[in-house]
Amino acid sequence: MALPPGSLGLPLIGDTLNFLQDSQFAKKRHQQYGPIFKTSIFGQPTVFMRGEEASLFVLTNDNQYFVASFPASMKALLGPLSLSLQTGANHINRRKLMYQAFQPRVLVGYIGAMENITQRYLEKWEKMETLTWYPELKNYTFDVAGKLLVGIENGSETALGHYFETWCNGLVSISLDLPWTKFGQAKNSRKLLLAELEKIIRARQEGTLSGKDALSLLISGRDDEGNSLSLEELKDQVLLLLFAGHETLTSGLTSFCLLLAQNPDVMAKVRAEQQQFPATEPLTLEQLKQMTYLEQVLREVLRLVPPVRGIFRKVINACEFGGYEIPKGWMVAFGINQTHQDSQLYPEPERFDPDRFSLERSPKPFSYVPFGAGLRDCLGKEFARLEMKLFAAKIVREFEWELLPDQDLNLLAIPTQRPRDGLRVKFRRTTMNR
Ligand code: HEM
């Protein structure tokens, strides 16, 4: 059987530089070769695939044909005990324990703190009047993650927030550990981050700080054999949660703010829906569930600009897909973004159209995968959906914003999607009558 079409590029370096620098890397090659092609990135021959069948094939064959795998830079920065790097029974066991912090009844308890932090930021932005939103949203999501995951206040202003920035910048990079490379600096930040996390965890274990947050559930959690997480593992898992819990959300919220500014008709419909709810009372889970149009809008935001553009797996058993051989030892990159852009699944895929998600037209499960699917789907997806919805409802009720001229709105892709100039807006309290 033939290998997929495509080229492995230059020896060793392959197509790595193009992959890192060109946000249209996969799109261009799919246009040239079709739904499956081969290339070589990060020193590994890699098969890129997209579409509903590829989604089903890659995401439901974990441990059978594939295991999770990441570029060397990401592996080193996440740390050996991170859930993301676990496979097989160990992964299932750890996931079960960590899920305790993301169960629906735990999430309900997060709403009050989420709402307070959101309100604080909205008022801050009102005072600023004009702002570059992406870094602000990053501070906001980090503060929420810091509070709800490890119980710290204003996390973005702490040493933790500062080191995170450098750490994130090295995640998808060439893993050359030198003081001036992105990777070298990120590795140093990892050491500093772990030291900070150790202080927080020890204080919690010694009982000097209490908290109703994910960390306390992780500390008290036991696996099926009754074992608790060691200090070393707690540090790696909390680091993963803090990262996964804010970087992706920042991208999702930035896209929401951008797309609503560009689509005033959608904004008007979202606002009209909000007028059905009392403005003054704190939001409840029940109310959030009733906001069905907002739900469609958020789903469409994550379709059009999925924060995570693709999922990597290592091939542990040779297999075939689409009439091509996929050799053992190669990598597979499943394109979330490219699947969401498939015109057979989503007519006029580049158009922002929340009605795609109306009840009658809802897409099939494996064609819509912003949170992945299968054994490794996003552990925090309900947390993410809650935060996005709460943020969106509050901001639309009370505020309005418009894009400032002369800015580059083209998307950067790594580590998550965001406009190149960070989304510059004018922000004010809305004058629309409720
Ligand atoms: C809009 C926001 C988010 C998006 C788009 C997103 C997307 C994803 C995707 C695509 C995966 C699957 C990766 C794979 O199959 O290899 C994933 C995994 C994961 N996500 Fe999220 N995520 C979001 C928010 C969050 C939040 C808020 C948390 C935690 C607080 C979180 C925690 C995780 C964890 C721990 C995993 C690894 C699961 C595993 O390997 O078993 N994510 N996420």
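Helices (H or I, at least four residues) and strands (E, at least two) are DSSP runs, numbered from the N terminus. This tour moves through such elements, beginning at the ligand.

The structure is a predicted model, in which local features need pLDDT of at least 70 and side-chain atom pairs count only at pLDDT 80 or more, while totals for chains, interfaces and linings use all residues. Residues are numbered from 1 along each chain as its sequence is written, and side-chain values use heavy atoms, with hydrogens and water left out.

**Stop 1: the iron atom**

Select C378, which is found in the loop between α17 (336-340) and α18. Its SG atom, at 2.3 Å, is the only protein donor of the iron atom of the ligand. Donors are N, O and S atoms within 2.8 Å of the metal (3.2 Å for Na, K and Ca); water is not among the atoms, so sites may look incomplete.

**Stop 2: the shell around the ligand**

Next, display the 25 residues around the ligand, of which H91, R95, R313, R376 and C378 come nearest. A residue is near a molecule or strand if one of its heavy atoms lies within 4 Å of it. By class, this shell holds 16 nonpolar, 5 polar and 4 charged residues. For this count, Ala, Val, Leu, Ile, Met, Phe, Trp, Tyr, Cys and Pro are nonpolar, Asp, Glu, Lys and Arg are charged, and the others, Gly among them, are polar.

Now show the side chains of H91, R95 and R313. An N or O atom in the side chain of H91 is 2.6 Å from an oxygen atom of the ligand. For R95, the corresponding distance to an oxygen atom of the ligand is 2.8 Å, and for R313 it is 2.9 Å.

Which elements each supply at least two residues of the shell? They are α5 (88-99), α12 (231-244), α13 (247-262), β5 (310-315) and α18 (381-398).

**Stop 3: helix α12**

Select α12, which gives the most to the shell, with 3 residues. The helix has 14 residues and reaches 20 Å from its first C-alpha to its last, close to the 20 Å expected at 1.5 Å a residue. The expected span is 1.5 Å times one less than the number of residues.

Is α12 largely enclosed or open? It is largely enclosed by the rest of the structure, because 12 of its 14 residues are buried. Buried means under 20% relative accessible area, exposed over 50%, and partly exposed in between (1.4 Å probe, protein chains only). Among the buried residues of α12 are E233, K235 and D236.

**Stop 4: strand β8 and its partners**

Move to β8 (residues 331-335), where 5 of 5 residues are buried. M331, A333 and G335 point one way from the strand, and V332 and F334 the other way.

Add β2 (residues 44-49), which pairs with β8 in the parallel sense over 4 bridges; two strands pair if DSSP finds at least two bridges between them. Here, F334 is the bridge partner of M49. Then add β5, which runs antiparallel to β8 and is joined to it by 5 bridges. R313, already seen beside the ligand, stands opposite V332 in β8.

**Stop 5: helix α8**

Finally, select α8 (residues 133-150), whose end C-alpha atoms are 25 Å apart, in agreement with the 26 Å that its 18 residues should span. Of these 18 residues, 15 are buried. The helix is followed by G151, whose phi is positive, near 75°.

Terms used
A polar contact is a pair of N or O atoms within 3.5 Å; within protein, one must be able to donate a hydrogen and the other to accept it, and residues adjacent in sequence count only if both atoms are side-chain atoms.
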